[in-house]
Amino acid sequence: MIVEGRPHRRPRRGALVMHHTRLSLLLAALAAPAVADEPPDLETIARDTVRDLADGRYDAAFQRFDSRMRAAVPLAAVAAVMDPVRKERAPARSVIVRLRHDNAEGTVAFTVKCNWQRGAVSNAVVTLLPDGRIAGLAITDEQAPPPALDRFDHYQPKAKLRPPFRGTWTAVNAERSPKNPHFSSPNQRFAVDWLIRGADGRSFRTDGRTNADYLAYGEEALAPAAGTVALVIDGVPENTPGQRDPYYAPGNSVSIDLGGGEFALLAHLQPGSIRVKTGRRVAAGDVIGLVGNSGNSSEPHLHFQLSDHARLVEAAALPCTFVGALLDGRKVDRATPVEGSRMTAAAPK
Ligand SMILES: [Zn+2]
């Protein structure tokens, strides 16, 4: 289901004439928009617009439309699209801005996700002019139910995975519960964030204010198995510890096709540190890049996961177990890390 007004297509002659007459009537009925001294907070406008649509306040959303949008998508058309969706699914449980895209011509498009109380999800792309007026709106209603989260809970990986690092690292955000931020997203459900803890249990040496203070920072991230490099992202600047970059969530990252429909993702690497190129064969233990703090990461660590696709957007995460590893100091045939597990890579091959 799509409501769409595309501002950059040349309007048809007839539509333009109509838009002038209608517009004057509409504007007469509307309060003049407040002129703010500061530039408007576009992200808030995008979110509020989707919230208004989800709650049935179509007029509040419509008042933010620019003149072309008003001509292209009259208020009645908004209601005609939204009413049946709301009847089936409302209220909205959450309305979250997921993505900001700055277009070359100066407009800004926000992807806003609306999670309905009953089942499905709607994705809205709200395109805003710099003054906060809405120049485009597309609402895609996800008809298909979300994939069952637990469909891979008992998956056994085919690849023999070795730890993607040397030495002893600690698994965090590995718990199979909603407390784990990975766990509720199908595409990260079984990911593990690996970091190094010192004898005092801390992951940094002094005050943790710089990336270089972290024990994991600059360690070599290794290919867990032989494969072909399927995707490389580089050039994402690093975060200051405590801050995150959710827009480029994996940061500098490499996905390796291990065959058999399995891909290993190593994420949050240092920019410029990646040693491999797309299409290159790698062997288990090859250095892929250096552990860093890029993307949706608040401190240097290695996000590692097995997936069924190279790109996170279409991937489901798969559980992973490791061979050639000690788990909490004990030799095991297959190491399945849980929250707080200490995994040691066995001596290099
Ligand atoms: Zn992670």
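How many bridges join strand β5 (residues 168–172) to strand β17 (residues 342–345), and in which sense do the two strands run? The legends below take you through this predicted model one close-up at a time, and the first view holds the answer.

**View 1. Strand β5 meets strand β17.**
Three bridges join β5 to β17, and the two strands run antiparallel. Start at Trp169, whose bridge partner in β17 is Met343. Then look at Thr168, which has Thr344 of β17 as its bridge partner. Strand β5 also pairs with strand β6 (residues 192–195), again in the antiparallel sense and over three bridges. To find this pairing, look for Val172, which stands opposite Asp193 in β6.

**View 2. Strand β17 and its pairing with strand β15.**
Here we stay with β17 and turn to strand β15 (residues 325–327), which is joined to β17 by three bridges and runs antiparallel to it. A handy landmark is Leu326, which stands opposite Thr344 in β17. You have met Thr344 before, as the bridge partner of Thr168.

**View 3. Strand β8 with strands β9 and β11.**
Strand β8 (residues 227–233) and strand β9 (residues 252–259) pair over five bridges in the antiparallel sense. Val232 is a good place to begin, standing opposite Val254 in β9. Strand β8 is also joined to strand β11 (residues 281–282), this time by two bridges, and these strands run antiparallel as well. In that pairing, Thr228 has Arg281 of β11 as its bridge partner.

**View 4. Inside the largest nonpolar core.**
In soluble globular proteins, nonpolar side chains tend to be buried together. The largest nonpolar core of this chain has 47 residues, and the members that touch the most others are Trp194, Ala221, Ile256, Ala264, Leu266 and Leu302. Which strand gives the most to this core? That is strand β10 (residues 262–269), with six residues. Zoom in on Leu266: leaving aside neighbours within four places in sequence, its contacts are Pro164, Ala221, Ser253, Val254, Ile288, Leu302 and Phe304. Apart from this core lies another, of 26 residues, with Ala71, Met82, Val95 and Leu137 among them.

**View 5. Helix α5 and its kink.**
Helix α5 covers residues 75–89, 15 residues in total. From its first C-alpha to its last it reaches 21 Å, close to the 21 Å expected at 1.5 Å a residue. Where in α5 does the kink lie? Look at Met82, where there is a kink of about 30°, shortly before the proline Pro84. Met82 is also buried, as are Val78 and Arg89 in this helix. The cover over the buried residues of α5 includes α2 (42–55), α3 (58–62) and β2 (108–116). Met82 is, in addition, one of the members of the 26-residue core.

**View 6. Two residues of strand β1.**
Ile96 has its place in strand β1 (residues 92–102), and Leu99 lies in β1 too. Is Ile96 buried or exposed? Ile96 counts as exposed because it has 11 C-beta neighbours inside 10 Å, where the cut-off for exposed is 12 or fewer. Leu99 has 14 other C-beta atoms within 10 Å, so Leu99 is partly exposed. Not counting residues up to four places away in sequence, Ile96 touches Val112 and Lys113, while Leu99 touches Phe110, Thr111 and Tyr247. The C-alpha atoms of Ile96 and Asp48 are separated by 9.9 Å, although these residues are 48 residues apart along the chain. For Leu99 and Glu43, the separation is 56 residues in sequence and 9.5 Å in space, C-alpha to C-alpha.

**View 7. The whole chain, for orientation.**
Stepping back, the chain has five helices and 17 strands. Of its 349 residues, 36% count as buried. Among contacts in the chain with a separation of 6 or more, 65% are between residues 24 or more positions apart. The average pLDDT of the chain is 87, and 87% of the residues score at least 70. Take care with residues 1–34, where the pLDDT is below 50. In the model, this stretch has 41 contacts beyond near neighbours in sequence.

Conventions
Residues numbered from 1 in each chain as written. Predicted model: local features only at pLDDT ≥ 70, side-chain atom pairs only at ≥ 80, totals over all residues. Helix = DSSP H or I, 4+ residues; strand = E, 2+ residues; numbered from the N terminus. Expected span 1.5 Å × (residues − 1). Bend = angle between axes of the 7 residues up to and from the residue. Buried ≥ 20, exposed ≤ 12 C-beta atoms within 10 Å, placed from the backbone. Contact = placed C-beta atoms within 7 Å. pLDDT = per-residue confidence, 0-100. Core = buried A, V, L, I, M, F, W, Y, C linked by C-beta atoms within 7 Å. Pairing = 2+ DSSP bridges.
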